[in-house]
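Me: Could you take a close look at one part of this model for me, the place where two helices pack together? I'd also like to hear about the cysteines and anything else worth a glance.

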Amino acid sequence: MQISPQDLKQVMSSGLLSFPLTDFDAQGDFNSKGYAERLEWLAPYGASALFAAGGTGEFFSLTAEEYPAIIKTAVDTCRGKVPIIAGAGGPTRFAIQCAQAAEKAGAHGILLLPHYLTEAGQEGLIAHVEQVCKSVKFGVIVYNRNVCKLTPESLAILADRCPNLIGFKDGVGDIELMSSVYMKMGERFAYLGGLPTAEVYAAAYKALGTPVYSSAVFNFIPKTAMQFYEAVRTDDMATQHRLLKEFFMPYLDIRNRGQGYAVSIVKAGAQLVGHGAGPVRAPLTDLKPAEMEQLDALIRALGPQ
């Protein structure tokens, strides 16, 4: 069942969001059975929405042929349990193709990931986002990151032209820019913190008017991820600081050892807790054995999930 863009905005305005991994088999092909089992496992933990084929779901590695099956599997598995927002991005026409496939599959909206490689000015970025928004009826959340960094003025133009543009996700980490966006756009958008390992920045973003964030570690420590979100929601700084010290900062130390490890370490965590999603696709690389051992020790110290 489709929900309106404004209903999606409400979903986006509270709670924890997460990006499930995409399951691949030993040959690197999409494993629909494993993916459905993953979503069935994660759905009851209480995330407000799950983002199928997002950044952590290795959207950047997917083909146009396999993408619709991934979104349909997510929608069918989570129907009546949790809304599904699909990743879409890359070149404008490919992003439109993905967005329309996601809408046809029954997703509740899309997260518009950056286009790739080519730099573009604000006029071009506005055209890119506008074309994608106007290709579908459901809600669109734009992801400010990498080569797609929209200014507050550009976002205001897009908000006027595209009623279904209802969300803004920040992956830049520029406090001045984030504050400027919020002050200009106010309640027009739902706001989402989207830096890698967002828990580290959660308290600061809440102070900026962005209390919602997406959790990658929800993929393997969902209980702890929800516990941390609740600590942010209630301003429980003692719990936040304890978990940051005991888990998140040592976790960052492992994550920062390899380029692309922000995804690889999540797949490693899922494997360690018995919910493996297969290897990452090239050009990403999996964690090394010693790094796996260190991550395993961190997870075990948290207790049962």
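**Cysteines, then the helix pair**

Reply: Cysteines go first: there are zero disulfides in the structure, which, keep in mind, is a predicted model. Take C98: it is in no disulfide, and the nearest cysteine sulfur belongs to C133, 15 Å away. C98 has a relative accessibility of 3%, so it counts as buried. C148 isn't in a disulfide either; for C148 the nearest cysteine sulfur is again that of C133, at 11 Å. A disulfide would need the two sulfur atoms within 2.5 Å. C148 also comes out buried, because its relative accessible area is 3%, under the 20% cut-off.

Now for the packing you asked about. Two packed helices are described by the angle between their axes and the distance between those axes. For helix 2 (residues 32-42) and helix 3, the angle is about 40 degrees and the axes lie 9 Å apart. The pair is therefore oblique, since 40 degrees is not under the 35 degrees that would count as roughly parallel, and it also falls outside the 65 to 115 band for roughly perpendicular. As for handedness, helix 2 and helix 3 make a right-handed crossing.

Who does the touching? On the helix 2 side, the contact uses S32, Y35, A36, L39 and E40, while helix 3 brings I70, T73, A74, T77 and C78. Sorted by character, the residues of this contact come to six nonpolar, three polar and one charged.

Let's zoom in on T73, which sits in helix 3 (residues 67-78). Setting aside residues up to four places away in sequence, T73 touches F30, S32, Y35, A36 and L39. Of those partners, S32, Y35, A36 and L39 are also among the helix 2 residues in the helix-helix contact. T73 has a relative accessible area of 16%, so it is buried; the cut-off for that is under 20%.

One more stop, away from T73: H275. You'll find H275 in the loop between helix 11 (261-272) and helix 12 (289-302). H275 is partly exposed because its relative accessible area is 25%, which lies between the 20% and 50% cut-offs. Neighbours within four places in sequence aside, H275 is in contact with R38, W41 and A270. If you want a distance to check, the C-alpha atoms of H275 and L112 are 28 Å apart, with their positions 163 residues apart along the chain.

How values were computed. Residues numbered from 1 in each chain as written. Predicted model: local features only at pLDDT ≥ 70, side-chain atom pairs only at ≥ 80, totals over all residues. Heavy atoms only, no water. Helix = DSSP H or I, 4+ residues; strand = E, 2+ residues; numbered from the N terminus. Buried < 20%, exposed > 50% of the residue type's maximum accessible area, 1.4 Å probe, protein only. Contact = heavy atoms within 4.5 Å. Axes fitted to C-alpha atoms, helices over the stretch in contact; angles between N-to-C directions. Parallel < 35°, antiparallel > 145°, perpendicular 65-115°, else oblique. Left-handed = near helix turned anticlockwise from the far one by under 90°. Nonpolar A, V, L, I, M, F, W, Y, C, P; charged D, E, K, R; others polar.
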